[in-house]
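Reader: I have a model open on my screen and would like to learn how to read it. Could you take me through it one feature at a time?

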Amino acid sequence: MSTVVRGDAAPTGSAPLPDLAPVPEPAAGGKAGSGAPQPKKRLYVLDGLRLIAALMVVAYHYMGFDDWFESPWGKSSRAVFPGVHEVAGYGWLGVELFFLISGFVICMSCWGRTPKQFAVSRFVRLYPAYWFAIAVTTTVLVTRPGGTTLAASDVLTNVTMFQELLGAQDVDGVYWSLWVELRFYLLFMVVAMMGLTYRRVVTFCIVWLLLAGIAPQSGIDLLQLMIVPQYAAFFVGGIVIYLMHRVGPTPILWLLLGASWLMAQNQLTDLVASAEASTHTNLSWWWSLAVVSIFYGLVLGAALGKLNFFNWRWLTVAGAMTYPLYLLHEDIGWEIIRHTHGVLPARILVPALVAVMLLAAWLVHKYVETPLAKALKNWLLPKKPAKPVPAPTTGADSEATAG
């Protein structure tokens with residue numbers, strides 16, 4: 001099973017990115033974590049950025065990725081897309097944008113919620129579409145000519161989303177980033193259990209960056225597993241940008257954002273090398289850094305209101321399609337390419353396939369993800385029935401009761 005580039009082994013998906021609920025604001029006085037949060041205008045532009053990140057990954061897999069045993073195109077993607085292959089080869093960077101946005105959104109989603117509410121919100125956001133994608137992708141892999149070597153036990157283990165930890169094979173290569181996301185959630189849950197405040201979140205970011213620098217040199221496997229040093233900088237960057245959105249830029253937040261960017265550029269060396277192994281082409285570290293820097297700038301610009309002219313309400317549709325698109329596009333898309341590339345020219349097949357995948361993603365969101373997430377949430381967090389208001393009693397009623 002092929003995968004998108006990842007630092008420790010080898011779409012970016014985003015990972016499957018959390019919903020963008022209304023952003024809570026600090027209470028009067030500007031102190032984060034005090035008082036009841038007040039809703040703020042939704043940042044629709046982040047929905048659009050998530051879709052851009054997902055489309056970058058799709059382009060990477062369909063036109064840039066070249067690390068498969070048997071290419072669905074019948075030959076190297078470099079030969080099929082001689083003028084586009086190298087550009088599409090940078091599509092793996094979309095995962096960094098996903099993680100950056102995820103840091104922003106997770107911090108936002110957790111603020112003002114109990115740990116249980118936060119855990120349930122993440123569960124119902126990630127698992128319904130994921131379970132559906134496992135079922136559909138497994139069906140495609142099992143029924144295709146030649147079948148699959150995927151073991152039934154591995155498929156069942158994938159249902160947990162902990163397959164990498166348990167040593168099972170991913171049903172689809174893009175699932176690797178979900179395990180990265182889950183570890184971020186577990187780390188952030190520690191702060192959520194203490195109670196989110198501005199100071200605690202800032203401290204969390206500082207400690208995480210320090211541990212991310214120490215972990216690779218520590219020789220402690222468990223520390224490296226939990227700290228996620230390859231991607232910690234991107235999550236921290238998103239958290240810091242959310243804090244800027246919430247309380248305004250401060251010197252400590254600018255310093256933290258700079259530290260996040262510096263650590264991110266340091267990790268790019270290994271990430272670019274992994275991408276080159278998957279694309280079989282030379283990729284520029286400088287270009288990769290430029291793209292990542294643009295990502296930082298875009299998310300920061302959205303958070304500080306500099307991109308409000310892009311804050312179009314219809315972008316919620318783009319955000320809704322992102323996660324199902326990410327989950328479905330790789331192996332299913334490759335199988336469609338394998339059976340149709342001899343019929344349609346590549347320049348027509350790829351846009352048509354992307355359009356089909358976008359439609360499928362919207363249908364999954366509307367008819368699978370949304371209703372199932374709602375049912376799960378109601379099951380896990382049932383609404384407490386309102387206490388009945390006792391009817392006023394008359395003197396006669398009181399006497400009757402007493403008697």
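Reader: Let me start with helix H8: which of its residues are buried?

Author: Buried means under 20% relative accessible area, exposed means over 50%, and partly exposed is in between, using a 1.4 Å probe and the protein chains only. In H8 the buried residues are Tyr 198, Val 201, Val 202, Phe 204, Cys 205, Trp 208, Leu 209, Ala 212 and Ala 215. An α-helix has 3.6 residues a turn, so residues three or four places apart point the same way. Before we go on, note that this is a predicted model, in which local features need pLDDT of at least 70 and side-chain atom pairs count only at pLDDT 80 or more, while totals for chains, interfaces and linings use all residues. Residues are numbered from 1 along each chain as its sequence is written, and side-chain values use heavy atoms, with hydrogens and water left out.

Reader: What do the buried residues of H8 pack against?

Author: Contact means heavy atoms within 4.5 Å. The partners of H8's buried residues are helix H4 (94-110), H7, helix H9 (221-227), helix H10 (232-247) and H11. The helix numbers come from DSSP runs counted from the N terminus: H or I with at least four residues for a helix, E with at least two for a strand. The protein has 15 helices and two strands.

Reader: How do I compare the span of H8 with what is expected?

Author: The expected span is 1.5 Å times one less than the number of residues. H8 (residues 198-218) has 21 residues, so it should span 30 Å, and its end C-alpha atoms are indeed 30 Å apart.

Reader: Where does H8 bend?

Author: The bend at a residue is the angle between axes fitted to the seven residues ending there and the seven starting there. H8 bends by about 25 degrees at Ala 212, with the proline Pro 216 following within four residues. Just after H8, Gly 219 has a positive phi of about 75 degrees.

Reader: Which kinks do H5 and H11 have?

Author: H5 (residues 115-143) has 29 residues and reaches 42 Å between its first and last C-alpha, close to the 42 Å expected. Its kink of about 25 degrees is at Tyr 127, shortly before Pro 128. H11 (residues 251-279) also has 29 residues and reaches 40 Å, close to the 42 Å expected. In H11 a kink of about 35 degrees is centred on Leu 268.

Reader: Which residues other than glycine have a positive phi, for example in the loops?

Author: Most residues other than glycine have a negative phi, and most peptide bonds are trans. Here, Met 161 has a phi near 75 degrees; this residue sits in the loop between helix H6 (152-158) and helix H7 (176-194). Met 161 is buried, at 1% relative accessible area. Another case is His 280, with a phi near 55 degrees, in the loop between H11 and helix H12 (285-303). His 280 is partly exposed, at 47% relative accessibility.

Reader: How many disulfides are there?

Author: A disulfide is a pair of cysteine sulfur atoms within 2.5 Å. The count by this rule is zero. Take Cys 107: its nearest cysteine sulfur, that of Cys 205, is 7.3 Å away, and that is too far for a bond. Cys 107 is buried with a relative accessible area of 0%, and Cys 205 is buried at 0% too.

Reader: And which residues have the most contacts inside the largest nonpolar core?

Author: In soluble globular proteins, nonpolar side chains tend to be buried together. A nonpolar core is a set of buried Ala, Val, Leu, Ile, Met, Phe, Trp, Tyr and Cys residues joined through side-chain atoms within 4.5 Å. The largest one here has 125 residues, with Phe 104 and Phe 188 making the most contacts inside it. Helix H1 (residues 44-64) gives the largest share, 13 residues. Leaving aside neighbours within four places in sequence, Phe 188 touches Ile 106, Cys 107, Cys 110, Phe 118, Leu 196, Phe 204 and Ile 239.

Reader: What is Leu 49 in contact with?

Author: Leu 49 lies in helix H1 and is buried at 7% relative accessibility. Beyond its neighbours within four places in sequence, Leu 49 contacts Leu 97, Ile 101, Leu 298 and Val 299.
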